[in-house]
Amino acid sequence: MKSKSAQKVKLTSYDDLFGTSGIEGGEVVTSLPIRLFHTFKDHPFRVVDDEKMQETVESVKKYGILVPGIVRPHPADGYEVVAGHRRWRACELAGLEEMPVIIRDLDDDAATVIMVDTNIQREDILPSEKAKAYKMKYEAMKHQGSKGDKFTADAVGEAAGDSGRTVQRYIRLAELVQELLDYVDAKKIPMVVGEILSYLKLEEQGWLVDAVANSGIFPSKAQAEKLKESSKAGELTEGVIYAVLVKKEGGNSGVTISAKKIHSYFPPAYTKSQIEEVIYSLLDEWKQNQGEEV
């Protein structure tokens, strides 16, 4: 007798199972052990054990997996999950050892497009997830021969109903370092500001991350534009970033020392308060010495 993992169900149409288009006629659903699964390389979407996941788990326990995942043969062994990472996780949490899937022989570009399109319409997607996903799909479609940046951007956003301009804005966000992307996700930096900051060099973005952490000030749109202009002119430094954030323009000249440079003078175990105490003590001593010299 054949094992359950070998049982296959013939599908006459995708609509019979999903209600939308996507699976070619004649494809089969196979139940595979989830221990053979590998996550999609650079998968940009979170799989979180939250309340929604628990609802999915309860549904899986009652009804099983109603919508099969899509996998492709893994180059080493087993299968790479193209669509169905949340269902895979739900199976694990529900104690299931197998999951129904459709096996497809897909190249990297085709697999990327399917992976993005099957996730991009979810309501809880973070800007960082969408940014990375759109960048992946955009590059995949360019490899496939899409002509023209605008045409490709429009095609990338079609599945989610996003315009080409919106897609391009998200793709720009993908150029941000992770710390700045996290601020965009947390809505501490608006998306339009994040898009402007994405034009800063990676080192400059690192300086900005330090400046925000030390000052507690997040750049406004006008400040982001100033930083972008300074970067383009080759004039952006750590000091300029601090000056822009605290709006020190003209008048009394401010002096800014980066936290990284300050920490280089102290043992790693020193706390912020200990460092401040030493600095103020040294400044007081210097001030007294200056008075004696006068």
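Start with the whole surface: the protein exposes about 17,700 Å² of accessible area, and 51% of that belongs to carbon and sulfur atoms. Keep in mind that this is a predicted model. Color by secondary structure, and 13 helices and six strands appear. Of the 294 residues, 38% are buried. Among contacts with a separation of 6 or more, 65% join residues 24 or more positions apart.

**Stop one: the strands**

Select residues 69-73. This is strand β4, and four of its five residues are buried, so the rest of the structure largely encloses it. Add residues 98-103, strand β6. Three bridges join β4 to β6, and the two run parallel. To find the register, pick valine 71; its bridge partner in β6 is isoleucine 103.

Now show residues 79-83. This is β5, antiparallel to β4 and joined to it by four bridges. Isoleucine 70 stands opposite alanine 83 here. Follow the hairpin between β4 and β5, where five residues lie between the strands. Stop at glycine 78, which takes a positive phi near 70 degrees.

Return to β6 and add residues 28-33. That is β2, mostly covered, with five of its six residues buried. β2 and β6 run antiparallel, with four bridges between them. Proline 33 faces glutamate 98 of β6.

**Stop two: helix α4**

Select residues 127-143. Helix α4 has 17 residues and spans 24 Å from first C-alpha to last, close to the 24 Å expected at 1.5 Å a residue. Its buried residues include Ala131, Tyr134, Met136, Tyr138 and Met141. Charged side chains are on that list too, among them Glu129, Lys130 and Lys137. Step past the end of α4 to glycine 145, whose phi is positive, near 105 degrees.

**Stop three: aspartate 109**

Move to helix α3, residues 108-117, and pick aspartate 109. Which side chain of opposite charge is nearest to aspartate 109? It is arginine 72, 8.6 Å away. Aspartate 109 is buried yet has no salt bridge. Show its contacts beyond four places in sequence: Ala140, His143 and Gln144.

**Stop four: salt bridges**

The whole structure holds 14 salt bridges. Begin with lysine 130 and aspartate 162, whose closest N and O atoms are 2.8 Å apart. Lysine 130 lies in α4 and aspartate 162 in the loop between α5 (149-157) and α6 (164-173), so the pair ties together parts 32 residues apart in sequence. Lysine 130 is buried at 15% relative accessible area. Aspartate 162 is also buried, at 17%.

Next, select glutamate 195 and arginine 169. Their side chains meet in a salt bridge, 3.2 Å from N to O. This pair links distant parts of the chain: glutamate 195 sits in helix α8 (residues 191-197) and arginine 169 in helix α6, 26 residues apart. Glutamate 195 is buried, with a relative accessible area of 9%. Arginine 169 counts as partly exposed at 25%.

Then go to helix α10, residues 221-232. Glutamate 225 forms a salt bridge with lysine 221, with the closest N and O atoms 3.9 Å apart. The two are four residues apart in the helix, which means about one helical turn separates them. Both are partly exposed: glutamate 225 at 27%, lysine 221 at 44%.

Finish on Asp49, Arg89 and Glu92. Salt bridges with shared partners join these three into one network.

Methods:
Residues numbered from 1 in each chain as written. Predicted model: local features only at pLDDT ≥ 70, side-chain atom pairs only at ≥ 80, totals over all residues. Heavy atoms only, no water. Expected span 1.5 Å × (residues − 1). Buried < 20%, exposed > 50% of the residue type's maximum accessible area, 1.4 Å probe, protein only. Pairing = 2+ DSSP bridges. Lys, Arg positive; Asp, Glu negative; His and termini not counted. Salt bridge = Lys/Arg side-chain N within 4 Å of Asp/Glu carboxyl O. Contact = heavy atoms within 4.5 Å. Areas by Shrake-Rupley, 256 points an atom, 1.4 Å probe, with all protein chains shown as cover.
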